[in-house]
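Trainee: I'm new to this one, so could you pick a single spot, look at it closely and then work outward from there? Please explain any terms as you use them.

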Amino acid sequence: MLCIKLHPLTSKMHPLKSKMHPPLNRNCTPLPGFYQNYGSLPYHVYKKDAREKALQLQGFFAFFHAETVNDPVEGYLLLTVSNGNLKFKKTAEDGKIAGISFTIAGDNFCENVTTDENGELQLNDLVPGVYTVTENAAAFYEPQQPQSVTVKAGQTSEVSFSNQLKRGALEVAKTAEDGFVQGVTFRLSGTADCGQPVDVCTETDESGIAVFEDISIGSNYTLEEVGTPERYIVPVPVSIKIAWNEVTKQTVENRLVRGSIRGIKAGKAGKPLPGAVFGLFAEGTTEFLENAAFAVVESSEDGSFSFENIPYGMW
């Protein structure tokens, strides 16, 4: 009967593997407290008088085996435990790569780590296996799916994350009392949620539409009309929120500046003349045609007359 006694030379127990054949006959009862999954072990057969020798293989295990004898034969098990490493590389559209938090989870392992000033970090001496890496990204980045990475013994596995900013758009519809809507400049300015300053301009097309595209999300933007012609009342700036994957719509109306024209009709010796008829016409008009007048009024008893709420312009 063969009696085999295993002496572990390390306290770390791992699955036993080998590239050598044939496999060891596993029809034996492992000693209490020892690793039971023998896997495929290399072996060598020795004569009884050589049983004190052991075969030691670099990176594998040395095992002493003897033929069936009556006295015990000892064998030795050398475990070479080699862990692996995991390296991170972080890039981002806005250049913020330092101090970014990641969670690494595996079998009986979970740890939160942060990147250095170069957007990198490395975890060493990890037990080989599959790990899940999740970035704890800020809300202004597009979400990223967790990544699975396999850490192999004696190797450094790498994983990278690249952040893209959440973006949206703004569509401005321009209206004007006098119908002129093309070529109007609008400015969008403020600070995005990511902290970046935004200051961009665009013009309306022939239909009065101006579009701001690929704007980082934010709730602290201001929309204003630039270079408003003096005939218009300058529109009040508008607060704008840009949301992710949405088109915010805003209408801006131009209303004409209006005023009054007042006068006094006097006759001879400066005496007020009531009932005098006055017409207000477009600039350059030389003939009094009531149906072509913008407005027609008569002077009152004191000779006064007025045209009210008259659009800005030359008359």
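Mentor: Let's start with Ala-173, which stands opposite Ile-209 in E15. A name such as E15 marks a strand: strands (E, at least two residues) and helices (H or I, at least four) are DSSP runs, numbered from the N terminus. Before we go on, residues are numbered from 1 along each chain as its sequence is written, and this is a predicted model, where local features need pLDDT of at least 70 and side-chain atom pairs count only at pLDDT 80 or more. Totals for chains, interfaces and linings use all residues, while side-chain values use heavy atoms, leaving out hydrogens and water.

Back to our spot. Strand E12, residues 167-176, runs antiparallel to E15, and six bridges join the two. Two strands count as paired if DSSP finds at least two bridges between them. In general, strands of a sheet pair through backbone hydrogen bonds, either parallel or antiparallel. E12 and E15 belong to an open sheet of three strands, ordered E15-E12-E18, and the pairing there is mixed. At its edges are strand E15 (209-216) and E18, and each of these pairs on one side only. From one strand to the next, the twist averages 20 degrees; the axes behind such angles are lines fitted to C-alpha atoms (for helices, over the stretch in contact), and the angles run from 0 to 180 degrees between N-to-C directions.

Now compare that with another open sheet, made of four strands in the order E14-E13-E16-E17 with antiparallel pairing. Strand E14 (197-203) and E17 stand at its edges with a single partner strand each, so one side of each has no neighbour in the sheet. Here the twist averages 30 degrees from one strand to the next. Within this sheet, strand E13 (residues 185-191) and E14 are antiparallel and share seven bridges. If you want one pair to find on screen, look for Ser-189, which stands opposite Asp-199 in E14.

So what links these strands? Have a look at the largest nonpolar core, which has 21 residues; those touching the most other members are Leu-170, Val-172, Phe-186, Leu-188, Phe-212, Tyr-221 and Leu-223. A nonpolar core here is a set of buried Ala, Val, Leu, Ile, Met, Phe, Trp, Tyr and Cys residues joined through side-chain atoms within 4.5 Å. Buried means under 20% relative accessible area, exposed means over 50%, and partly exposed is in between (1.4 Å probe, protein chains only). At least two residues of this core come from each of E12, E13, E15, strand E16 (218-226) and E17. E15 gives the largest share, three residues.

Phe-212 is a good residue to click on. Leaving aside neighbours within four places in sequence, its contacts (heavy atoms within 4.5 Å) include Leu-170, Val-172, Phe-186, Leu-188 and Leu-223. Apart from this core lies another, of 15 residues, among them Ile-104, Leu-123, Val-133 and Val-151.

Moving further out, try Val-257, in the loop between E18 and strand E19 (258-264). Val-257 counts as partly exposed because its relative accessibility is 27%. Its C-alpha atom is 5.1 Å from that of Tyr-232, 25 residues away along the chain. Ala-92, in strand E5 (residues 84-92), has a partner farther along the chain: Ser-162 is 70 residues away, yet the two C-alpha atoms are separated by 5.2 Å. Ala-92 is buried, at 16% relative accessible area. Leaving aside neighbours within four places in sequence, Ala-92 is in contact with Ile-97, Tyr-141 and Asn-163.

A couple of backbone oddities are worth a glance too. Most residues other than glycine have a negative phi. Asp-125, though not a glycine, has a positive phi of about 60 degrees; this residue sits in strand E8 (residues 120-126) and is exposed at 54% relative accessibility. Asn-245 also has a positive phi, near 60 degrees, and lies in the loop between strand E17 (238-242) and strand E18 (247-254).

Finally, zoom right out. The protein chain has 22 strands and zero helices. Of its 315 residues, 32% count as buried. Among contacts between residues at least 6 apart in sequence, 56% join residues at least 24 apart.
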